[in-house]
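Colleague: I'm new to this one. Can you walk me through it?
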Amino acid sequence: MSNVKHVILISGKRKCGKDYISEILQKRLGESSQIVRISEPIKKQWSKKDNVGLQELLSDGPLKEKYRKDMIKWGEELRQKDYGFFCKLAMDTGTFSEIVIVSDIRRKSDIKYFKECYNGKVLILRITCPEETRIKRGWIFRRGIDDVESECDLDDYEDWDLTVENNGHLDGDEIINLIISKLEL
């Protein structure tokens, strides 16, 4: 982790395009970059705890949705003891690239962890998207998921380095150009 020069934190609501933007950005930046997902160690720990298939939890399939509410509650309990628990696990999964893209920042405590550990190297990005666009992408409001901390904690956060609306008016390349322009490469 000592060779990390930039950490790009990407935040946004479900179905706003965080993974899409992260993947395009990583392809553009090439071998000097990698994507890290905080949700991956959560799902990995959950799969061990409940003997559930990890690959199914990592996919966009129905199994992940079946367990989502319980995983959120369980993850919150662990975060109460150590707010950076899952951030540490995510970064301990072999982070060797100069540029790390964290594709699923969801809490102020996630931002706090990365700012403390990577002082001066963090770019904080918010992807926004109109609700009707999210619905077209398959989003359906779910009580206990879309109205809890894991989806709403950053709604009142204001210290974004960049906010981009992913509504189809800008194509992926234009969004990536905006992000790269904020990096000091």
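Colleague: Let's start with a cysteine. Is C16 buried or exposed?
Modeller: C16 is buried, with a relative accessible area of 1%. Keep in mind that this is a predicted model.

Colleague: How many disulfides are there?
Modeller: The count is zero. C16 is in no disulfide, and the nearest cysteine sulfur, that of C129, is 6.4 Å away. A disulfide needs two cysteine sulfur atoms within 2.5 Å, so that pair does not qualify.

Colleague: What about C152?
Modeller: C152 is in no disulfide either. The nearest cysteine sulfur to that of C152 belongs to C16, 13 Å away. C152 is partly exposed, with a relative accessible area of 27%.

Colleague: Let's zoom out. How many helices and strands does the chain have?
Modeller: The protein chain has nine helices and five strands. From the N terminus on, the order is β-α-β-α-α-α-α-β-α-β-α-α-β-α.

Colleague: What is the radius of gyration, and how does that fit a compact globule?
Modeller: The protein chain has 16 Å. A compact globule of 185 residues would have a radius of gyration near 16 Å, so the two agree. The C-alpha atoms fill a box of roughly 45 × 40 × 30 Å along the principal axes.

Colleague: What share of the residues is buried?
Modeller: Buried residues make up 49% of the 185. The protein chain exposes about 9,900 Å², and carbon and sulfur atoms supply 48% of that area.

Colleague: And what share of the contacts links residues 24 or more positions apart?
Modeller: Such pairs account for 77% of the contacts with a separation of 6 or more.

Colleague: Give me an example of residues far apart in sequence. How far apart are S22 and V102?
Modeller: S22 and V102 are 80 residues apart in sequence. In space they are 8.0 Å apart, C-alpha to C-alpha.

Colleague: Where does S22 sit?
Modeller: S22 is in helix α1, residues 18-29. S22 counts as buried because its relative accessibility is 0%.

Colleague: What does S22 touch?
Modeller: Leaving out residues up to four places away in sequence, S22 touches I10, I35, I101 and S103. A polar atom of the S22 side chain also lies 2.8 Å from the backbone oxygen of K18.

Colleague: S103 came up there. Which element is S103 in?
Modeller: S103 is in strand β3. S103 counts as buried, at 1% relative accessibility.

Colleague: Which residues does S103 touch?
Modeller: Apart from residues up to four places away in sequence, S103 touches I10, K18, D19, S22, I35, V36 and R37. I10 is also on the list for S22, and so is I35.

Colleague: New topic: helix α6. Which residues are buried there?
Modeller: Helix α6 covers residues 108-117, and S109, D110, I111, Y113 and F114 are buried.

Colleague: What do those buried residues pack against?
Modeller: The buried residues of α6 pack against β1 (6-11), α4 (62-81), α5 (85-91), β3 (99-105) and β4.

Colleague: β4 again, then. In what sense do β4 and β5 pair?
Modeller: Strand β4, residues 122-128, pairs with β5 in the parallel sense, over four bridges. L125 stands opposite L162 in β5.

Colleague: Last one. How do the side chains point along β5?
Modeller: Along strand β5, residues 162-165, the side chains alternate. L162 and V164 point to one face and are buried. T163 and E165 point to the other face and are not buried.

How values were computed. Residues are numbered from 1 along each chain as its sequence is written. This is a predicted model: local features need pLDDT of at least 70, side-chain atom pairs count only at pLDDT 80 or more; totals for chains, interfaces and linings use all residues. Side-chain values use heavy atoms; hydrogens and water are left out. Buried means under 20% relative accessible area, exposed over 50%, partly exposed in between (1.4 Å probe, protein chains only). Helices (H or I, at least four residues) and strands (E, at least two) are DSSP runs, numbered from the N terminus. Two strands pair if DSSP finds at least two bridges between them. Contact means heavy atoms within 4.5 Å. A polar contact is a pair of N or O atoms within 3.5 Å; within protein, one must be able to donate a hydrogen and the other to accept it, and residues adjacent in sequence count only if both atoms are side-chain atoms. The radius of gyration is taken over C-alpha atoms; the globule rule is 2.2 Å times the number of residues to the power 0.38. Accessible areas come from the Shrake-Rupley method with a 1.4 Å probe; for residues, only the protein chains shown count as cover.
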